[in-house]
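Colleague: Take one part of this model and go through it closely for me, please. After that, show me how it sits in the rest of the chain.

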Amino acid sequence: MSASGAAVLPEEQQVVRALTRAAAYRLLGGGWAYPALSRLEELARLADAAAVGSPIAPAFGAFASAARGADAEATAQEYVFLFDREARCPPYEGAWGDAPQLAGKPALLADIAGFYAAFGLEPSVTHPDAEDHIAPECEFMSALCLKEGYALAEGMSEALEVTREAQASFLSEHLGCWAEAFAGAVKEATPLPYYGALADLLIAW
């Protein structure tokens, strides 16, 4: 039942589910971006909201606590150590799995860019050749989930099928192929609670 006492239709439940998934992917995308103080505070709020009713609520809760307790400067330094200057755990799909051995990085980036372009999204001009970064890949999934929710709400069956097929394809061909291995490497490489909790959340998700 809804708060008003009216029965919740299956379509409405599906819309809520799509929007909830969009928020979770937005959280993950933001978590793997550069950790400014304002971003950490926003991520903690997003994690609190995502935890409500979630089967992985403990993982969301642990990340929210870690984000609130994180020192922005220390977290930023760890970001550079892990992902930038030292690149202990490269946050790029092309560094994991079989992608570099098969068609090569240019073909990988072109394929990912094709997914983005098909839904009217463009890579950031400030981060060229970063289509396969973990953050934009998660943000792309968030956008697809939002489009799914809109298609459900508006009864757009063809658009709904397209967005769902795109999510399944992108997960099977890209994000789902390497995210867990990447998160596991982060867990092993950092003592910082923030990135440990974020890695646990990504694996749980």
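Modeller: One term before we start: when I say two residues touch or are in contact, they have heavy atoms within 4.5 Å. And keep in mind that this is a predicted model.

I'd pick E148, which sits in helix 6. Is E148 buried or exposed? The cut-off for buried is under 20% relative accessible area, and E148 counts as buried because its relative accessibility is 4%. Its side chain has a polar partner: the side chain of R164, at 2.9 Å. Skipping residues up to four places away in sequence, E148 touches A18, R21, L160, T163, R164 and Q167.

Follow one of those contacts, T163. T163 belongs to helix 7, and its relative accessibility of 4% is why T163 counts as buried too. With neighbours within four places in sequence left aside, T163 is in contact with E148 again, plus F119, L144 and K147. Another residue on the E148 list, L160, turns up in a five-residue nonpolar core, along with V15, A151 and L152 among its members.

Now zoom out a bit. The chain has eight helices and zero strands, so to speak a plain run of α-α-α-α-α-α-α-α along the sequence. Of its 205 residues, 44% are buried. Among contacts with a separation of 6 or more, 66% link residues 24 or more positions apart. The accessible surface comes to about 10600 Å², and carbon and sulfur atoms hold 56% of that.

The five-residue core lies apart from another core, the largest nonpolar one, with 55 residues. W32, F63 and F182 have the most contacts inside the largest core. Helix 1, helix 2 (37-51), helix 3 (57-69), helix 4 (72-84), helix 5, helix 6, helix 7 and helix 8 (193-204) each give two or more residues to this core. Helix 7 gives the most, with ten residues. F182 is a good place to see how this comes together: leaving out residues up to four places away in sequence, F182 touches W32, F83, C89, P90, P91, W96, I134 and L202.

From there, hop to L202, which is also on the contact list of L28. L28 is in helix 1 (residues 10-31) and, at a relative accessible area of 2%, L28 is buried. Beyond its neighbours within four places in sequence, L28 is in contact with C138, L198, L201, L202 and W205. I134 links back to this spot as well: the C-alpha atoms of L28 and I134 are separated by 8.7 Å, although the two are 106 residues apart along the chain.

Helix 6 and helix 7 also help to cover the buried residues of helix 5, so to finish the neighbourhood, look there. Helix 5 covers residues 105-118, and its 14 residues at 1.5 Å each should span 20 Å; the end C-alpha atoms are 20 Å apart, which agrees. L108, L109, I112, F115 and Y116 are its buried residues. These buried residues take up an arc of only 115° around the axis, which puts them on the same side of helix 5. The general reason such a stripe can form is that an α-helix has 3.6 residues a turn, so residues three or four places apart point the same way. On the face turned away from the buried side, helix 5 carries the exposed residues P106, A110, A117 and A118. After helix 5 comes G120, with a positive phi near 75°.

Helix 7 has another partner in helix 4, whose buried residues pack against helix 7 and helix 8. Those buried residues are T75, A76, E78, Y79, V80, L82 and F83. At the N-terminal end of helix 4, D71 acts as a cap: one of its side-chain oxygens lies 3.1 Å from the backbone nitrogen of E73.

Last stop, helix 8, where D200 lies. D200 is partly exposed, given its relative accessible area of 35%. The C-alpha atoms of D200 and F60 are separated by 9.2 Å, with their positions 140 residues apart along the chain.

Notes:
Residues are numbered from 1 along each chain as its sequence is written. This is a predicted model: local features need pLDDT of at least 70, side-chain atom pairs count only at pLDDT 80 or more; totals for chains, interfaces and linings use all residues. Side-chain values use heavy atoms; hydrogens and water are left out. Helices (H or I, at least four residues) and strands (E, at least two) are DSSP runs, numbered from the N terminus. Buried means under 20% relative accessible area, exposed over 50%, partly exposed in between (1.4 Å probe, protein chains only). Accessible areas come from the Shrake-Rupley method with a 1.4 Å probe; for residues, only the protein chains shown count as cover. The expected span of a helix is 1.5 Å times one less than its number of residues. The arc is that of the directions from the helix axis to the C-beta atoms. A nonpolar core is a set of buried Ala, Val, Leu, Ile, Met, Phe, Trp, Tyr and Cys residues joined through side-chain atoms within 4.5 Å. A polar contact is a pair of N or O atoms within 3.5 Å; within protein, one must be able to donate a hydrogen and the other to accept it, and residues adjacent in sequence count only if both atoms are side-chain atoms.
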